[in-house]
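Here are a few exercises to work through with the model open. Try each one yourself before reading the solution.

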Number of protein chains: 2
Amino acid sequence: MRIAVVGVGLIGGSIALAARERGLGEVTAWDADPEALEAALDRGALDSAADDLAGALDDADAAFVAVPVGALAPTVTQVLAAAPPGCVVTDVGSTKRAIVAAQTDQRFVGGHPLAGAETAGVAHARADLFEGATWYLTPTSGTSGLLFERLYRMLAAIGARPEAIDAATHDATLALVSHLPHVLANALVSRAAEVLDAADAPMPASGPSFRDATRVAGAPSSIWTDIYLSNRDALVKQIDALTEHLQNVRGLLDRGDAAAITAWNEAAAACRRRLTGDEATGQELVEVRAAVPNQPGVVAELALALGRAGVNIVDLALHPAPDMSEGVVALWLPSAGGADQAQSIIESLGHPVFRP
Amino acid sequence: MRIAVVGVGLIGGSIALAARERGLGEVTAWDADPEALEAALDRGALDSAADDLAGALDDADAAFVAVPVGALAPTVTQVLAAAPPGCVVTDVGSTKRAIVAAQTDQRFVGGHPLAGAETAGVAHARADLFEGATWYLTPTSGTSGLLFERLYRMLAAIGARPEAIDAATHDATLALVSHLPHVLANALVSRAAEVLDAADAPMPASGPSFRDATRVAGAPSSIWTDIYLSNRDALVKQIDALTEHLQNVRGLLDRGDAAAITAWNEAAAACRRRLTGDEATGQELVEVRAAVPNQPGVVAELALALGRAGVNIVDLALHPAPDMSEGVVALWLPSAGGADQAQSIIESLGHPVFRP
């Protein structure tokens, strides 16, 4: 297999390192910055550096576009124009609606690995950067099932946990669980500095809460300005909702309403237990197979439906029939309960299910 | 030395365990709940359990009041009434203005260890709970220097880092670096649950930012309702300021102002580096001695002035002259720079300074 990496920063460089270490195939890269390309070669991340974009995509089976968010849309368009007909093309941008809406090519699958937002540059690239990390994929009804499967398996092979989600849900969710926490961290650290500077006081000793709450403050602007801007409508909505929540709490405090403050705090405790409880570990995998027509969008639909229901697909394989008219999707799920849930969801979509 | 502990929950139990383990003296305790007292005896935290409050304070040299914040003020008053003339009395409440304003007795020093807010009960008590933990002390101009020194050294002996601060600054600071982060954690986790419940969706995979930002959400209401209420004016002020900050950011996002968003994010990054940078480690201690009149408030004034300047006092000792008319305060500071700063501050207060 030939793998093209376009943009060898932290993410592109780590994809290249991981692909080579796991023996997925031959990695060729291109970067607009010759120094980055040179550095990636020096790190042993590449089999070869291409002279131009077209050279990197020559005979490629998979292409990863890992340029900054601001340059993503035009670069993906260029890559799709240059890539062979059977090449899956994906990106690694942190927001997905715009890029997915702009591309209708069945070879394109939007992607977003949850890894590495704290540093930048190929110097920090690591073969194990994606080990255990969720890697969101945003297939649409126009996405090729075969190419989606190829990408899915490559990501699993480099240790990531691919998870299908539609682009709008992805962006709304990330606004809530990532972009809003980053805004709050920035706000809190800025407010603290303002107060302490006004008093000419040093940072006081405090419990772990302040440090935890501000750990992601001031994440690299080279990445985050684009993230904030590309998802600003969803983020503004979450800021407004959080502001309203704060105003309600302010009202309880102002009234000195102990019972209501306790109820509010207990509700938060229950939410936290439910949302961030420890994930199940030591899982045993169960295989479920579904017979599906071999046409664009079917595998995506199935993966999206399972993702919406919170069913975690640990692995996935697609076996087309010889005439390519239909196929079998094999899924591996973390428990018998997950497998039962997957079976009933897939059957509700009209596909026969087998348990090997 | 005889040590009285009134209230043997997590904090009182840990003080008792630590005092016995470090051989500070004989520990006697009393608790309104006979089962808690029994459990503390069973854990080996006490030399003896008293039959009543007066019994615990009989001949005591130091008394720690570690009852819930709601019962703190009347209990401290009772303890001061029952304690011998030479007994230092302290509390462990998380807010300090009210209790300090209520007590003018020179034997009382308000206290607040930054430890253990996540769990409760003597079952979780540990001798090393305060190891390396800041323990705020809020002496006033009426506090006995001798008794303040005794308490200070006991806390250092059980591994804590005592730090003097005036009560109002303490409460304003904690509103900012502890109570506000707790409110934000509650708000964020509640908002996430609301969104996910509305979509009937499970908690999505996310980066570490959400988990970090919500780690302290729903801290025990038995402690936190009182904390929120006792500091509500300071907390409301911080909520308002944070809300204003969020509204400004919302405006930048709404206008899609990339340059302003980058500037905001860079400012936050600078604030974070400044406020939560790694503390200096591997410190060498420098001793500074000051000659002071032996009267209430002098040592407190000195410790407060150094605390305000961010000078970290690692250890402190007071040596009264034989006629008790004056004394020498010996301070140990973490570096030559800190010692120079301490010297100039103490001299500016009018006390001669020596370097041994």
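Buried means under 20% relative accessible area, exposed over 50%, and partly exposed in between (1.4 Å probe, protein chains only). The model is predicted, so local features need pLDDT of at least 70, side-chain atom pairs count only at pLDDT 80 or more, and totals for chains, interfaces and linings use all residues. Residues are numbered from 1 along each chain as its sequence is written, and side-chain values use heavy atoms, with hydrogens and water left out.

**Exercise 1.** Work out whether A:F130 is buried or exposed, and how its ring sits against A:W135.

Solution. Start with area: A:F130 comes out at 0%, so it's buried. A:W135 is buried too, at 1%. Now the rings: Phe, Tyr and Trp (its six-membered ring) pair if their centres lie within 6.5 Å, with planes under 30 degrees apart stacked, over 60 edge-to-face and the rest tilted. A:F130 and A:W135 sit 4.8 Å centre to centre with 55° between the planes, a tilted pair. Finally, ring pairs tie A:F64 in with A:F130 and A:W135 as a cluster.

**Exercise 2.** Describe the pair A:W224 and A:Y228.

Solution. First the geometry: 5.4 Å between centres and 50° between planes, so tilted again by the ring rule. Next the backbone: both lie in helix α9 (residues 221–230) of chain A, four residues apart, and are therefore separated by about one helical turn. Helices here are DSSP runs (H or I, at least four residues), and strands are E runs of at least two, numbered from the N terminus. Last, A:W224 and A:Y228 are both buried.

Notes. Chains lettered and ligands numbered in written order.
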